[in-house]
Amino acid sequence: MEIWHLVVLAILALNIIVSVFIARRDDLDTFQKTAQIVIVWLIPLIAAIGLWLFHRGNDDNSSGGDPIGGGPSDSIGVQASND
């Protein structure tokens, strides 16, 4: 078996895995699932890895509720007064 056979098999396996992963998602509409699966098969390697990383990042369970900023200072660094 030549090396390009292995490359093609790896890309096909990756596309199948990502297609099943996208199809099983509950947070996408049917149109979104179909469009993303078509993109995975039209642009095999880049789209498969990119969409998998995107959706995996959306599944992050961190709360993300930390306040933005450094504390009770205003935008120029002056402490806010409690008058």
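In the predicted model, the protein chain exposes about 6700 Å², of which carbon and sulfur atoms supply 64%. Of the 83 residues of the chain, 16% count as buried. The chain contains three helices and zero strands, and its elements follow the pattern α-α-α when read along the sequence. Among the contacts between residues at least 6 apart in sequence, 46% join residues that are at least 24 apart.

Helix α1, which comprises residues 3–23, has 21 residues and reaches 30 Å from its first C-alpha to its last, a span close to the 30 Å expected at 1.5 Å a residue. Within this helix, Asn15, Val18, Ser19 and Ile22 are buried. These residues lie on the same side of α1, because the arc that they cover around the axis is only 105°. The buried residues of α1 pack against two other helices, namely α2 (30–42) and α3 (44–58), whereas the face of α1 turned away from its buried side carries the exposed residues Ile3 and Ile17.

Among the residues on the buried side, serine 19, which is found in helix α1, was examined individually. Serine 19 counts as buried because its relative accessibility is 10%, and buried status requires a value under 20%. A polar atom of the side chain of serine 19 lies 2.7 Å from the backbone oxygen of asparagine 15, a residue of α1 that is itself buried. When residues up to four places away in sequence are not counted, serine 19 touches Ile37, Val40 and Trp41.

The largest nonpolar core has six residues, which are Val18, Ile22, Leu28, Val40, Ala48 and Leu51. The elements that give two or more residues to this core are α1 and α3. In soluble globular proteins, nonpolar side chains tend to be buried together. One member of the core, alanine 48, touches Leu14, Asn15, Val18, Val40 and Ile43, again without counting residues up to four places away in sequence. Val40 is thus listed among the contacts of serine 19 and also among those of alanine 48, while Val18 and Val40, both touched by alanine 48, belong to the six-residue core.

Key: Residues are numbered from 1 along each chain as its sequence is written. This is a predicted model: local features need pLDDT of at least 70, side-chain atom pairs count only at pLDDT 80 or more; totals for chains, interfaces and linings use all residues. Side-chain values use heavy atoms; hydrogens and water are left out. Helices (H or I, at least four residues) and strands (E, at least two) are DSSP runs, numbered from the N terminus. The expected span of a helix is 1.5 Å times one less than its number of residues. Buried means under 20% relative accessible area, exposed over 50%, partly exposed in between (1.4 Å probe, protein chains only). The arc is that of the directions from the helix axis to the C-beta atoms. Contact means heavy atoms within 4.5 Å. A polar contact is a pair of N or O atoms within 3.5 Å; within protein, one must be able to donate a hydrogen and the other to accept it, and residues adjacent in sequence count only if both atoms are side-chain atoms. Accessible areas come from the Shrake-Rupley method with a 1.4 Å probe; for residues, only the protein chains shown count as cover. A nonpolar core is a set of buried Ala, Val, Leu, Ile, Met, Phe, Trp, Tyr and Cys residues joined through side-chain atoms within 4.5 Å.
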